[in-house]
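Please load the model in your viewer and keep the sequence panel open beside it. The tour below moves from one selection to the next and says what is to be found at each stop.

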Amino acid sequence: MRKLAPVLAALALAATACGSGEPAAEAKTLTVFAAASLTESFGALGKRFEAQNSGVSVKFSFEGSSALVQKLTQGAKADVFASADKANMDKAAKAELIDGQPSVFATNRLAIAVGKGNPKGIKGLADLAKDGLTVVVCAPQVPCGSAAKKVQQTSGVALKPASEEQDVKSVLAKVQTGDADAGLVYVTDATSAAAKVDKVDFPEAAGAINDYPIAVVKDAPQAQLAGLFRDFVLGAEGKTELAKVGFGSP
């Protein structure tokens, strides 16, 4: 009996553990492909979503929307796609990469990011065309680059950028490090980086408002969770978090 005692005790403990409480929730990972400009707001929403859904981990891939569509086209697995414009979401839909109709959850517009204290005294879009300034923008295929191209066309201000970056965070980084005097970024990015850059608004930006659509990816590994996250972003908590950094309502 002395030899059997430890075995019996272990069995009793196991039976007690199995019989008390609910079984542990199965760990699930939700993969979200999202535009780089959503980094801060979606990062916060991801944490809230995890807190409200036991056992769920949200994994983000933040890049330029065009790069994310390319990854999906090449077979990358994701559950949710959130684009910074309709054009790239339309590409995903045309390639049959999304399930159902996408929903617009926010809007965004451009602003000029400059160094703290605005050392070059930039007051508007026309100032960016002056000689002696190093200006960076997004590449044309990226939503922020498409918007930059549009405001140039409608305003008649022709920029000569030192570089065209693959996402808006790369533009912002060059301004933060002093490699550029100014960069065309989204209002939300400049607001999120207020400790490191100053923001200069310009009226021409109103002519290039970007709609941000979100959709569940076709054949998503976590389709049910993907739908829940989409609805979470579209709901009250999503709107509140997005508004904090300057996103507009759809």
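## The pocket and its lining

Sorted by class, the residues that line the largest pocket are five nonpolar, two polar and four charged ones. The model is a predicted one, and the volume computed for this pocket is about 150 Å³. To display the lining, select Asp85, Lys86, Ala87, Pro143, Ser146, Ala147, Lys150, Ala208, Ile209, Asn210 and Asp211. Two or more of these lining residues come from each of helix 4 (86-94), helix 5 (143-155) and strand 10 (210-217). Which element gives the largest share of the lining? That is helix 5, with four residues.

## Along helix 5

Keep helix 5 selected and draw a distance between its end C-alpha atoms: its 13 residues reach 18 Å from the first to the last, close to the 18 Å expected at 1.5 Å a residue. Colouring by accessibility picks out the buried residues of this helix, which are Pro143, Cys144, Gly145, Ala147, Ala148 and Val151. Two of the names in that list, Pro143 and Ala147, are also found in the lining of the largest pocket. Just after the helix, select Gly156, which follows helix 5 and has a positive phi, near 80 degrees.

## The enclosed cavity

From Pro143 the tour can turn to a cavity, since this residue also belongs to the lining of the largest cavity. How many cavities of 30 Å³ or more does the structure hold? There is one, and the volume of the largest cavity is about 50 Å³. Its lining can be shown by selecting Ala35, Ala36, Ser37, Glu63, Gly64, Ser65, Ala84, Val142, Pro143, Cys144, Val168 and Tyr186. By class, that lining is made up of eight nonpolar residues, three polar residues and one charged residue.

## Three stops in helix 2

Next, select helix 2, which covers residues 39-52, and centre the view on Leu45 within it. Is Leu45 buried or exposed? Leu45 counts as buried because its relative accessibility is 0%, a value under the 20% cut-off. Leaving aside residues up to four places away in sequence, Leu45 touches Phe232, Val233, Glu237, Gly238 and Glu241. A distance drawn from the C-alpha atom of Leu45 to that of Val58, which lies 13 residues away along the chain, should read 9.6 Å.

Ser41 is also in helix 2 and is buried, with a relative accessible area of 3%. With residues up to four places away in sequence again left out, the contacts of Ser41 are with Glu241, Leu242 and Phe247. Glu241 is thus worth displaying with both residues, as it appears among the contacts of Leu45 and among those of Ser41.

The third residue to select in helix 2 is Gly43, which at 22% relative accessibility counts as partly exposed. Beyond residues up to four places away in sequence, Gly43 touches Leu38, Phe60 and Phe62. One of these partners, Phe60, is 17 residues from Gly43 in sequence, and the two are 7.9 Å apart in space, C-alpha to C-alpha.

## Helix 8

Two contacts of Leu45, Phe232 and Val233, lead on to helix 8, in which both of them are buried. The full set of buried residues to select in this helix is Leu225, Ala226, Gly227, Phe229, Phe232 and Val233. Helix 8 runs over residues 223-234, and its 12 residues should span 16 Å at 1.5 Å a residue, which agrees with the 17 Å between its end C-alpha atoms.

## Two loop residues with positive phi

Move now to Glu96, in the loop between helix 4 and strand 4 (98-108). The phi of Glu96 is positive, near 60 degrees, in a residue other than glycine, and at 56% relative accessibility Glu96 counts as exposed. Asn118, in the loop between strand 5 (110-115) and strand 6 (135-138), likewise has a positive phi, about 50 degrees, although it is not a glycine. Asn118, however, counts as buried, at 19% relative accessibility.

## Last stop: Ser163

Finish in strand 7, residues 163-165, where Ser163 is to be found. Ser163 counts as buried at 17% relative accessibility. Show its side chain together with that of Glu165, and a polar contact of 2.7 Å appears between the two. Not counting residues up to four places away in sequence, Ser163 touches Val135, Val136, Val137 and Lys174.

How values were computed: Residues numbered from 1 in each chain as written. Predicted model: local features only at pLDDT ≥ 70, side-chain atom pairs only at ≥ 80, totals over all residues. Heavy atoms only, no water. Buried < 20%, exposed > 50% of the residue type's maximum accessible area, 1.4 Å probe, protein only. Polar contact = N/O pair within 3.5 Å; in protein donor to acceptor, adjacent residues only side chain to side chain. Contact = heavy atoms within 4.5 Å. 1 Å grid on protein atoms, 1.4 Å probe; cavity = no way out; pocket = protein on both sides within 12 Å on 5 of 7 lines; lining within 4 Å. Points joined across faces, edges and corners; volume = space filled by probe spheres on them. Nonpolar A, V, L, I, M, F, W, Y, C, P; charged D, E, K, R; others polar. Expected span 1.5 Å × (residues − 1).
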